[in-house]
Amino acid sequence: MIEDIVMTGLDILFVGYNPSLASAARGHHFAGPGNLFWALLADAGLTNHRLSPEQDRDLLLWKLGIINLVDRPTATAAELQGPEIEAGARRLKARLIQLKPRIACFLGKDIFRAVAGRRPSERIDWGLQQPSWIPSVMLYVAPNPSRRSTIPYGLRLRYFRELKNLLQWSLPS
């Protein structure tokens, strides 16, 4: 199992589906050879340099964290079963209420649908979700950073930059 990277007072808590087999083997988040998470963070200016998966705990220095909907590693999220997704959604809601990050960023629409109790076919737009069902936590949906995604890098980067702008806009003056 890969440990959540969390603390209270986070600016952004990234919510992934579950660890990949590569991440589980290395013991670090987003450790698959094709995962773009670390590049997106740096290119969007959320970190000041590109971290490696082995530096995942350093995210806390930037008040960023990572948590997964389901802890069980799989080759693809399609291998996850309904009951474990539902249990993960309940656990995740409780953790978000407890941790109260400024922004919870769901890395994929399906993750958001699962946690928000939405139908699998319900339309979800990228970006800020209104209204938030967690008091004082903004909910944001960004494209999944996996290379398996067909979304071009530039579009993914646009949403990560928008996330950074949202964070800057929401910080107290």
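**Sheet, helices and pocket in a predicted model**

Student: How many of the residues of β3 are buried?
Tutor: In this predicted model, β3 is largely enclosed by the rest of the structure. Ile 103, Cys 105 and Leu 107 point one way from β3, Ala 104 and Phe 106 point the other way, and all are buried. The cut-off for buried is under 20% relative accessible area. The number of buried residues in β3 is therefore 5 of 5.

Student: In what order do the strands of the open sheet lie?
Tutor: The open sheet has 5 strands, and their pairing is mixed. Its edge strands, each pairing on one side only, are β2 (64-68) and β4. The twist from one strand to the next averages 30°. Read across the sheet, the order is β2-β1-β3-β5-β4.

Student: In which sense do β4 and β5 pair, parallel or antiparallel?
Tutor: The two strands are joined over 3 bridges. One bridge sets Gly 127 against Val 141 of β5. The sense of the β4 and β5 pairing is antiparallel.

Student: Over how many bridges do β3 and β5 pair?
Tutor: The pairing of β3 with β5 is in the parallel sense. Cys 105 has Tyr 140 of β5 as its bridge partner, and Leu 107 stands opposite Ala 142 in the same strand, β5. The number of bridges between β3 and β5 is 5.

Student: Which residue in β3 does Val 15 stand opposite?
Tutor: β1 and β3 pair in the parallel sense, over 4 bridges. In β3, the residue opposite Val 15 is Phe 106.

Student: Which residues of β5 are buried on the side opposite Met 138, Tyr 140 and Ala 142?
Tutor: Side chains in a regular strand alternate between the two faces of the sheet. β5 is mostly covered, with 5 of its 5 residues buried. Met 138, Tyr 140 and Ala 142 are on one side, and both faces of β5 are covered. The buried residues on the other side are Leu 139 and Val 141.

Student: At about what angle does helix α5 run to β5?
Tutor: Helix α5 spans residues 153-170. It lies across β1, β3, β4 and β5. The angle between α5 and β5 is about 165°.

Student: Which residues of helix α4 are buried?
Tutor: Helix α4 comprises residues 109-116. Cover for its buried residues comes from elements including β1 (12-16), α3 (82-99), β3 (103-107), β4 (127-129) and β5 (138-142). After the helix comes Gly 117, with a positive phi near 70°. The buried residues of α4 are Ile 111, Phe 112, Arg 113, Val 115 and Ala 116.

Student: Which element supplies the largest share of the lining of the largest pocket?
Tutor: The largest pocket holds about 1,100 Å³ of space and is lined by 44 residues. At least two lining residues come from each of α1 (21-26), α3 and α4. The largest share, 5 residues, comes from α4.

Student: How many charged residues does the lining of the largest pocket have?
Tutor: The residues nearest the centre of the pocket are Tyr 17, Asn 18, Ala 77, Asn 144 and Ser 146. By class, the lining has 21 nonpolar and 16 polar residues. The number of charged residues in the lining is 7.

Student: Is Ala 87 buried or partly exposed?
Tutor: Ala 87 is found in helix α3. Its C-alpha atom is separated by 8.7 Å from that of Leu 69, 18 residues apart along the chain. The cut-off for buried is under 20%. Because its relative accessibility is 34%, Ala 87 counts as partly exposed.

Student: What is the omega of the peptide bond that joins Gln 130 and Pro 131?
Tutor: Most residues other than glycine have a negative phi, and most peptide bonds are trans. Pro 131 is in the loop between β4 and β5. The bond joining Gln 130 and Pro 131 is cis, with omega about -10°.

Student: What is the phi of Ser 136?
Tutor: Ser 136 also lies in the loop between β4 and β5. Its relative accessibility is 62%, so Ser 136 counts as exposed. Ser 136 is not a glycine, yet its phi is positive, about 65°.

Student: In which loop is Lys 63 found?
Tutor: Lys 63 is not a glycine but has a positive phi of about 60°. With 35% relative accessibility, Lys 63 counts as partly exposed. Lys 63 is in the loop between α2 (37-43) and β2.

Key
Residues numbered from 1 in each chain as written. Predicted model: local features only at pLDDT ≥ 70, side-chain atom pairs only at ≥ 80, totals over all residues. Heavy atoms only, no water. Buried < 20%, exposed > 50% of the residue type's maximum accessible area, 1.4 Å probe, protein only. Contact = heavy atoms within 4.5 Å. 1 Å grid on protein atoms, 1.4 Å probe; cavity = no way out; pocket = protein on both sides within 12 Å on 5 of 7 lines; lining within 4 Å. Points joined across faces, edges and corners; volume = space filled by probe spheres on them. Nonpolar A, V, L, I, M, F, W, Y, C, P; charged D, E, K, R; others polar. Pairing = 2+ DSSP bridges. Axes fitted to C-alpha atoms, helices over the stretch in contact; angles between N-to-C directions.
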